[in-house]
Amino acid sequence: MTSSTPKKIIIIGGSSGIGRTLATLYAKDGHRVGITGRRDALLRELKDQFPGQVETACFDVTGTENIPQLETLIQKLGGMDLLIYNSGYGEVSKTLDWSIEKATTQINVNGFLEIAVYGFNYFARQGHGHLAGISSLASAAGNGLAPAYSASKAFMSNYLEGLYIKARKMKLAVTITDIQPGFVDTKMAKGEQRFWVSPVGKAAHQIVRALEQKRFRVYITRRWWLIAQLIKLLPGALYRRIA
């Protein structure tokens, strides 16, 4: 990373994995960073590592305090330039377990939607800003092993595209980015047939570059663009046999 004008960045879901790595990269580069998560001890570890640069807010996106907690975090930072929604959940649901389907939807759809709406309107009032969501390559099509996960990530990607279109039509200086990782070496990477698994550091660096370039959609790592195109080209009957 190269230093640039310091920004005020908030990462929803920054206690571990991609979110924590992004927060670390941004803090090392001199930015002010706000991170949220359910595990206060992990949040405090990062704050202690970067005193004066990192602020924290401990809350669960399935709760009722998302917006008050986010507003408090914005106040601590003195504003917000970039908002990244990284909270996510997904489990294999071989027997179509309702508890898995419900939790997946609450985090990946309801939690995301509340934060995204607030963030978009905040940036619209401010006159500038950047809203990003970490969805998944799984958004490209349905998946029989984790149907709620692929569907929820498709919701995220389509909603972000809708916000991108809305910002352009309203002539707003609001950037929207849809980040679609393939397999990244975190606890979220599940399944027996994993390939092209990226180290979390490599994935985070590519995400940072994509955000700096203000790209709308990015595949992490870049080679996953090939899989995304293949899924789009496959006849539906064939895809449904192998998915």
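A residue is called exposed when its relative accessible area is over 50%, buried when the value is under 20%, and partly exposed in between. These words return at several stops below. The model is a predicted one.

**Whole chain.** Start with the full protein chain, which holds 8 helices and 7 strands. Of its 243 residues, 47% are buried. Now consider contacts in the chain with a separation of 6 or more: residues 24 or more positions apart account for 63% of them.

**Leu96.** Select Leu96, in the loop between strand 4 (82–85) and helix 4. Its relative accessibility is 56%, so Leu96 counts as exposed. Look at the backbone here as well: Leu96 is not a glycine, yet it has a positive phi of about 55°.

**Lys102.** Move along the chain into helix 4 (residues 98–126), where Lys102 is found. Is Lys102 buried, exposed or partly exposed? Its relative accessible area is 38%, and therefore Lys102 is partly exposed. Add Ala148 to the selection and draw a line from C-alpha to C-alpha: Lys102 and Ala148 are 8.2 Å apart in space, with their positions 46 residues apart in sequence.

**Lys171.** Next, select the loop between helix 5 (147–169) and strand 6 (174–181), where Lys171 lies. Lys171 is not a glycine either, and has a positive phi of about 55°. With 74% relative accessibility, Lys171 counts as exposed.

**Strands 2 and 3.** Select strand 2 (residues 32–37) together with strand 3; the two run parallel and are joined by 5 bridges. Within the pair, find Val33, which stands opposite Val54 in strand 3. To follow the connection, trace the chain from strand 2 through helix 2 (residues 40–49) to strand 3; this β-α-β crossover is right-handed. Then keep strand 3 (residues 54–58) alone in view. Why is strand 3 described as largely enclosed by the rest of the structure? The reason is that 4 of its 5 residues are buried.

**A pocket.** The last stop concerns empty space. Rolling a probe the size of a water molecule over the atoms shows where such space is left. The second largest pocket holds about 170 Å³ of space. To display its lining, select Lys7, Asp81, Leu82, His128, Gly129, His130, Ala173, Thr175, Leu211 and Lys214. Which classes of residue make up this lining? Colour the selection by class to see 3 nonpolar, 4 polar and 3 charged residues.

How values were computed. Residues are numbered from 1 along each chain as its sequence is written. This is a predicted model: local features need pLDDT of at least 70, side-chain atom pairs count only at pLDDT 80 or more; totals for chains, interfaces and linings use all residues. Side-chain values use heavy atoms; hydrogens and water are left out. Buried means under 20% relative accessible area, exposed over 50%, partly exposed in between (1.4 Å probe, protein chains only). Two strands pair if DSSP finds at least two bridges between them. A crossover is right-handed if, with the strands pointing away from the viewer, the path from the first strand over the helix to the second runs clockwise. On a 1 Å grid over the protein atoms alone, a cavity is a set of points where a 1.4 Å probe fits but cannot get out, and a pocket is an open set with protein on both sides within 12 Å along at least five of seven lines; lining residues have an atom within 4 Å of a point. Grid points are joined across faces, edges and corners, and a volume is the space filled by probe spheres set on the points. Ala, Val, Leu, Ile, Met, Phe, Trp, Tyr, Cys and Pro count as nonpolar, Asp, Glu, Lys and Arg as charged, and the others, Gly among them, as polar. Contact means heavy atoms within 4.5 Å.
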